[in-house]
Amino acid sequence: MTEPGKPVVYEKRRWLVLSLYLAGMFLLMWRAVDLQVISKDFLQEHGDARALRVVQIPAHRGMIMDRNGEPLAVSTLVNSIWATPRRVLGSDVDLSPLAAYLDTSVEELVKLLKERIGRDFVYLKRHVNPALADQVMAMNIPGVSLEQEFRRYYPAGEVAAHLIGFTNIDDAGQEGLELAYNEWLKSSPGKKRVLKDRLGRTVENIESISTPSPGENLALSIDRRIQYLAYRELKAAVQAHSARGGSLVMLDTKTGEVVSMVGQPSYNPNNRSDMKGEYYRNRAVTDVFEPGSTLKPFTIATALESGAYTPMTMIDTRPGYFKVGNHTIRDIRNYGVIDVATVIKKSSNVGASKIALSLEPNQLRKTLSNAGFGVATGSGFPGEASGYLSASNNWSEVGLATLAFGYGLSVTVLQLAQAYQIFATDGLMLPVSFIKVNGPVTGKQVITAEHAKQVRTMLETAVEKEGTGQRAAVSSYRVAGKTGTVHKATSGGYSEDRYLSLFAGFAPVEDPRLVMVIMIDEPKGQQYYGGQVAAPVFSKVMTGALRLMDIPPDNLPGLKDNIIAGKTQPAGSLE
Amino acid sequence: MKNVIFWLLFISIFISALEVVISRHDARKLFVEIQMLEKTRDNLNEEWTRLLLEQSTWATDVRIEAIARNELGMKLPVDSVLVIEK
């Protein structure tokens with residue numbers, strides 16, 4: 001029927017096919033619009049959520065250094081091993097080598113992972129050494145990864161432990177200067193966006209969201225060498241006398257900087273497992289005690305300030321004791337009629353009390369308050385105690401008489417050291433600083449320079465032969481200082497057989513540079529006097545410190561006459 | 001005249017579109033580079049702190065003192081042998 005050459009037109013079929021194509025095209029176009037425009041945000045979000053990751057860039061916590069730039073606390077990169085429990089348990093890998101590296105058993109490891117199956121991130125072990133981390137990664141267990149973290153190391157160990165303090169595992173300061181200067185030291189980690197593949201490997205770095213900012217370094221006023229020396233000598237003394245503890249503070253008299261601060265017993269900040277909190281305490285700033293005889297120079301200074309006394313004024317201490325109210329004040333023996341300087345040299349309680357009672361009742365309290373007793377030093381050290389000094393103006397006679405030789409108030413070692421500065425600096429009290437001080441420091445004039453010099457001379461006699469502190473002497477240097485032996489206050493009065501041995505002093509007398517206070521808590525041997533227990537520590541530490549600080553000797557009588565060599569040969573004598 | 005402006009604008013749109021692509025690419029390349037440099041820096045820093053710790057461990061006062069006294073036989077000079085240079 002069909003004629004050749006003439007095409008048959010199926011109109012309906014043509015339209016059907018065309019409209020099908022058209023519908024298909026519209027469908028595709030709609031799909032494109034849907035994907036590109038309408039659902040774009042939703043899809044983009046999910047796509048990103050699957051592949052884009054924001055990762056943290058760790059940043060250094062600031063380093064703590066001593067005054068010469070020696071490291072005292074350093075952060076270094078370590079690895080922490082973490083896992084995604086679901087993926088580890090989902091694989092058929094043998095977990096026993098991993099458990100062995102983590103010091104645990106397979107059962108416990110599996111249990112740990114099963115308990116946390118819903119989480120994506122579980123620490124297996126934090127702060128491992130690089131060698132172990134490499135071994136673990138070499139096993140190639142799915143779902144086990146490394147994270148870089150910082151660990152804090154303290155090269156000086158127990159020598160500076162109390163002072164520096166420590167950080168917790170998350171790098172935040174917990175104790176000591178690590179806590180006090182946490183804001184300064186701490187770092188803020190940065191963030192960046194990366195593209196990761198299905199296995200969690202970083203394929204591409206996309207952009208940086210915030211740059212990591214490392215913490216600032218902190219330069220302390222501590223001298224690590226002197227710190228070590230002080231620690232060694234204090235520890236030796238505490239052990240030799242079977243004491244409960246002790247602390248030592250050394251200040252620079254020109255700047256008020258803390259050159260050294262050590263305590264006993266100490267701890268190793270690098271390994272704090274099973275350590276008692278008691279050991280963390282920095283006794284030099286947190287523990288208060290009655291200063292005893294070491295306070296007498298302030299009584300004498302008050303007397304000189306009042307104008308009623310000179311160093312030569314005679315005081316009758318006979319017969320070695322006297323009654324105030326129903327309280328008897330005693331000397332070790334009858335010193336007879338002595339001058340004010342000898343009251344210091346022999347450490348006469350009777351003399352000090354009589355002087356205090358003859359003054360205006362409030363005068364002594366005022367001097368002590370000006371010298372910083374009863375208020376914290378403002379050093380900013382965490383947990384610093386302020387000590388106690390009665391604010392009352394109505395001192396009983398007994399109260400005043402005993403205050404004159406250091407009972408009825410309490411101080412910290414740091415406070416006492418700061419207060420002794422006024423004798424070393426011609427009456428100026430300087431603010432205490434743990435941070436290296438640049439430039440001149442302004443102090444507060446507490447007593448006049450003249451009276452400070454007079455007390456200094458008296459304190460020097462206390463260290464000379466026949467003085468109570470002769471064992472504090474330092475060869476080639478003139479030193480001044482005062483001993484103290486304090487009965488410890490116990491519930492219901494003062495203990496008969498528990499003492500604190502104290503020594504506070506400075507050197508060289510010509511131009512004082514270093515002030516040091518030593519406190520030894522409950523020496524249990526035959527010896528317990530400050531002059532026997534604490535003074536030798538002063539001598540040893542001061543000898544070393546003066547040499548390390550390059551402070552010229554001011555007492556070389558033997559050398560002056562004998563051997564003084566010329567610096568260079570005169571030019572003519574070379575032939 | 002209008003035509004010229006049209007074509008100028010057309011071409012500049014085209015060029016700027018290309019520029020966007022190119023600078024995107026450059027930015028990525030630079031970012032990768034800075035990442036690498038930072039990584040190098042961090043590694044060097046890490047090595048430096050490790051060396052610093054190592055040095056300060058070798059140079060602890062305890063060790064120096066022990067070596068000076070025991071191995072090298074050093075001691076503090078007494079006053080009688082001191083010579084002062086003026």
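This report describes the predicted model of two chains, from overall dimensions to individual residues.

Residues are numbered from 1 along each chain as its sequence is written, and chains are lettered from A and ligands numbered from 1 in the order in which they are written. Because the model is predicted, local features need pLDDT of at least 70 and side-chain atom pairs count only at pLDDT 80 or more, while totals for chains, interfaces and linings use all residues.

## Overall dimensions

Chain A contains 21 helices and 20 strands; helices (H or I, at least four residues) and strands (E, at least two) are DSSP runs, numbered from the N terminus. Chain B has 2 helices and 1 strand, in the order α-α-β from the N terminus. The table sets out the extent of each chain; the radius of gyration is taken over C-alpha atoms, and the globule rule is 2.2 Å times the number of residues to the power 0.38.

| Chain | Radius of gyration | Compact globule with that number of residues | Span of C-alpha trace along principal axes |
|---|---|---|---|
| Chain A, 575 residues | 37 Å | near 25 Å | about 160 × 80 × 45 Å |
| Chain B, 86 residues | 34 Å | near 12 Å | about 105 × 35 × 10 Å |

A residue is buried if 20 or more other C-beta atoms lie within 10 Å of its own, exposed if 12 or fewer, and partly exposed in between, with C-beta atoms placed from the backbone. In chain A, 42% of the 575 residues count as buried, whereas the figure for the 86 residues of chain B is 0%. Two residues are in contact if their C-beta atoms, placed from the backbone, lie within 7 Å. Among contacts in chain A between residues at least 6 apart in sequence, 71% join residues at least 24 apart.

## Domains of chain A

Chain A is divided into domain 1 (55–219) and domain 2 (224–271 + 288–558); these bounds come from an automatic or database domain assignment. The C-alpha centres of domain 1 and domain 2 of chain A are 47 Å apart. To their contact, domain 1 of chain A contributes 22 residues and domain 2 of chain A 18 residues. On the side of domain 1 of chain A that touches domain 2 of chain A, helix H7 (161–164) and helix H8 (176–180) each supply at least two residues. That side of domain 1 of chain A comprises 14 nonpolar, 3 polar and 5 charged residues. Here Ala, Val, Leu, Ile, Met, Phe, Trp, Tyr, Cys and Pro count as nonpolar, Asp, Glu, Lys and Arg as charged, and the others, Gly among them, as polar.

## Helices H12 and H15

Helix H12 (residues 296–306) of chain A has 9 of its 11 residues buried and is therefore largely enclosed by the rest of the structure. Among these buried residues are A:Phe298, A:Ile300 and A:Leu304. Their cover includes helix H13 (340–346), helix H14 (349–358), helix H15 (363–370) and strand E17 (480–490) of chain A. Just after H12(A), A:Gly307 has a positive phi of about 85°.

In H15(A), the buried residues are A:Leu364, A:Arg365, A:Thr367 and A:Leu368. Seen down the axis of H15(A), they fall within an arc of 165° and so line one face of the helix; the arc is that of the directions from the helix axis to the C-beta atoms. H12, H14 and helix H16 (397–403) of chain A are included in what covers them. A:Gly372, which follows H15(A), has a positive phi near 95°.

## Strands E9 and E10

Strand E10 (residues 258–264) of chain A is mostly covered, with 7 of its 7 residues buried. Strand E9 (residues 245–252) of chain A runs antiparallel to E10(A), and 6 bridges join the two; strands pair if DSSP finds at least two bridges between them. In this pairing A:Ser247 stands opposite A:Gly263. The hairpin has 5 residues between the strands, and A:Gly256 in it takes a positive phi near 80°.

## Loops and local backbone features

The peptide bond from A:Gln264 to A:Pro265 is cis, with omega near -5°, and A:Pro265 is found in the loop between E10 and helix H11 (283–286) of chain A. A second cis bond joins A:Arg318 and A:Pro319, with omega about 0°.

The loop between H18 and E17 of chain A holds A:Val479, which counts as buried because it has 29 C-beta neighbours inside 10 Å. Beyond its neighbours within four places in sequence, A:Val479 has contacts including A:Val463, A:Gly505 and A:Met542. A:Ser476 lies in the loop between H18 and E17 of chain A, has a positive phi near 75° and is partly exposed, with 18 other C-beta atoms within 10 Å.
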